[in-house]
Each structure stands twice: as structure tokens, then as C-alpha cells.
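Open the model in your viewer and keep the sequence panel beside it. This tour tells you what to select next and what is there.

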Amino acid sequence: MGDSFHLSTADLAALAFFLLVWVLHTLASDGKLVSRMSLTMAMNTQREAWMRTMAEREIRIVDTAIMAGLQQGTAFFASSSLIAIGGCFALLGASDQVVSVLSNLPLGATSSRSAFQMKVFGLVLILAYAFFKFGWAYRLFNYCSILIGAVPIPYGEASRNPASETAVWRAARMNMLAGKHFNSGLRGVFFSIGYLGWFVDPLVFVLSTLLLLAVLVRRQFFSAARQAVIGQPPEPASGPGKSRSMRPDSQ
């Protein structure tokens, strides 16, 4: 079967491992595999808190500015994905030269031109997946801006009536969905970096996937950023002239 796809059994096994790691990390980040709260889930809580705070403001310039920033970041990554896809097609035009270079690497396995092109098409699929995720996230952030505009202006108890609660829920839900698709696109970009190890050797592919997984797991579950979102500020130091430190302990 591997020969029919111009890929060896080791290549197919490494690819299956790569896809399994991707799926498991996605499930863990979404809170469906482990009980420990991820940075993504913690930020979803903050997105909902943001929408509830927004509903109590009469002037929402700051909220629209935040939404514009989110859209700009999403558009940047979508454009970058398209540029990377174009680079992959340029790489196909130089297949023979690249295969020659890879075969001369110390750890490089001898790969046929057809196998190399199959791997490039796989990279194109990953980047295309990321582009569509970013494109959909951009559209959802746009919808969220409209839903923010639909939240009634509060007057007294007006921000606590059922209509306002429903409007806030819709805006928060749309914001979380947009963030979910943006994170999926960003995850695709990250995993495309680990995918590059496949061009050298299946074993290098497995090692690059494990290294990428270690980095992503640390950022999602053990980073200072996660602690900043879910943690509590330290108690203020006693004595005159002393103040609490806000210096992060780690990245």
C-alpha cells in the first residue's frame, strides 16, 4: 500500500502518529481529554466576562477597537497561509533540486521525486486548512461585532433583563466560536512546522512532532500566560514602601 502512494511504511506510520498527536492535542486544549484547564478554556471564560462588562458600558469604543484588532490579526495569518501555499507550489517546480539537497543531509533518507511531491501536497493541505479556519474566524469576528452592536444600551436595570442577557450570550458565544476557529488555524500553522521534519526522514518527523507537542502542551497547561489568566494576585507585602511584584517567573 505504501508503494502505491510512493511512501514507505515508515512514512505512513510517522504520518499517522503526527495526525494522532494533532487530534489528541486539539481535544485536550478544548477540555475534552484532560481535567486540567487549558489556556484556551481559561480565555473563553474571559471572553464571556468581556461581553458582560461590555453590556454595562454606554460607550463601547474600546470593545470595537478590540474587535478590530482581533480581525486584523486573523487577516494577517490568513494572508500568511496563502503566501505559504504559494511557496509550496514553487517548491514543486524545484522538486529535483530539493530532493538532491535533502538526500545529501546527514540524516536525510533517500526519497523519490514522487514521494517528495506527495509530502508537499500534504503541507499544502495543512496550510489550506489553516487558511479556511482563519477565513471563517475573520467572518465570525465580524458577526460578533454586529452582535455587540445589537446589545441594548443599559439604563438602570436594563442590562439585566432577559433580552439583554440573550444578546450578551449571543455575542459571547460568537466570540468564543471565532476564537476556537482562530486557534484551530494557528494550531495548523504550528503543526506545519513539525511536519517539515518529514522531508528529512520519518524518524525526524516523529521527533519534530514530539518536540512541537512538548512546546504546545507547556503553553496550554503549564505556562506563565495560563497562570496569569486563572491565578490570583499575591498578597501585598507588608511594610511601608513595599508593593507586590508583577514580574513573570517564566515565559
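Helices here are DSSP runs of H or I with at least four residues, strands are runs of E with at least two, and both are numbered from the N terminus. This is a predicted model, in which local features need pLDDT of at least 70 and side-chain atom pairs count only at pLDDT 80 or more, while totals for chains, interfaces and linings use all residues. Residues are numbered from 1 along each chain as its sequence is written, and side-chain values use heavy atoms, with hydrogens and water left out.

**Stop 1: the whole chain**

Show the cartoon. The protein has 8 helices and 0 strands. Read from the N terminus, the order is α-α-α-α-α-α-α-α. Now colour by burial: buried means under 20% relative accessible area, exposed over 50%, and partly exposed in between (1.4 Å probe, protein chains only). Of the 251 residues, 36% are buried. Contact means heavy atoms within 4.5 Å. Among contacts with a separation of 6 or more, 78% join residues 24 or more positions apart.

**Stop 2: the annotated spans**

Select 12-28, 75-94, 114-132, 137-155 and 195-217. An unreviewed UniProt entry lists these residues under "transmembrane region". The positions follow the numbering used here, feature names are shortened, and annotations may be inferred rather than shown by experiment. Keep 114-132 on screen. That span is 100% helix and 0% strand, with its end C-alpha atoms 27 Å apart. Switch to 195-217. Here the figures are 74% helix and 0% strand, and the end C-alpha atoms lie 17 Å apart.

**Stop 3: Phe221**

Select Phe221, in helix H7. Why does Phe221 count as buried? Its relative accessible area is 5%, so Phe221 is buried. Show its surroundings. Leaving out residues up to four places away in sequence, Phe221 touches Ala28, Ser29, Val34, Arg36, Met37, Ser38 and Arg226. Draw a distance to Ser38. The two C-alpha atoms are separated by 5.1 Å, although Phe221 and Ser38 are 183 residues apart along the chain.

**Stop 4: Thr209**

Stay in helix H7 and select Thr209. With a relative accessible area of 1%, Thr209 is buried. Beyond neighbours within four places in sequence, Thr209 contacts Phe17, Phe18, Val21 and Gly194. The C-alpha atoms of Thr209 and Phe18 are 6.3 Å apart, across 191 residues of chain. Next, show the side chain of Thr209 and the backbone of Phe205. A polar atom of that side chain lies 2.8 Å from the backbone oxygen of Phe205.

**Stop 5: Ala178 and His181**

Move to helix H6 and select Ala178. Its relative accessibility is 0%, so Ala178 counts as buried. Outside its neighbours within four places in sequence, Ala178 contacts Ala137, Leu140 and Phe141. Measure from Ala178 to Tyr143, 35 residues apart along the chain: their C-alpha atoms are separated by 9.2 Å.

Now add His181, in helix H6. Is His181 buried or exposed? His181 is buried, because its relative accessible area is 16%. Not counting residues up to four places away, its partners are Lys133, Trp136, Ala137 and Leu140. From His181 to Gly135, 46 residues apart along the chain, the C-alpha separation is 8.9 Å.

**Stop 6: the second largest pocket**

On a 1 Å grid over the protein atoms alone, a pocket is an open set of points where a 1.4 Å probe fits, with protein on both sides within 12 Å along at least five of seven lines; lining residues have an atom within 4 Å of a point. Select Thr40, Asn183, Leu186, Phe190 and Gln220. Of the 16 lining residues of the second largest pocket, these lie nearest its centre. Which helices each supply at least two lining residues? They are H2 (39-55), H6 (162-195) and H7 (202-221). H6 gives the most, with 7 residues.

Definitions and conventions
A polar contact is a pair of N or O atoms within 3.5 Å; within protein, one must be able to donate a hydrogen and the other to accept it, and residues adjacent in sequence count only if both atoms are side-chain atoms.
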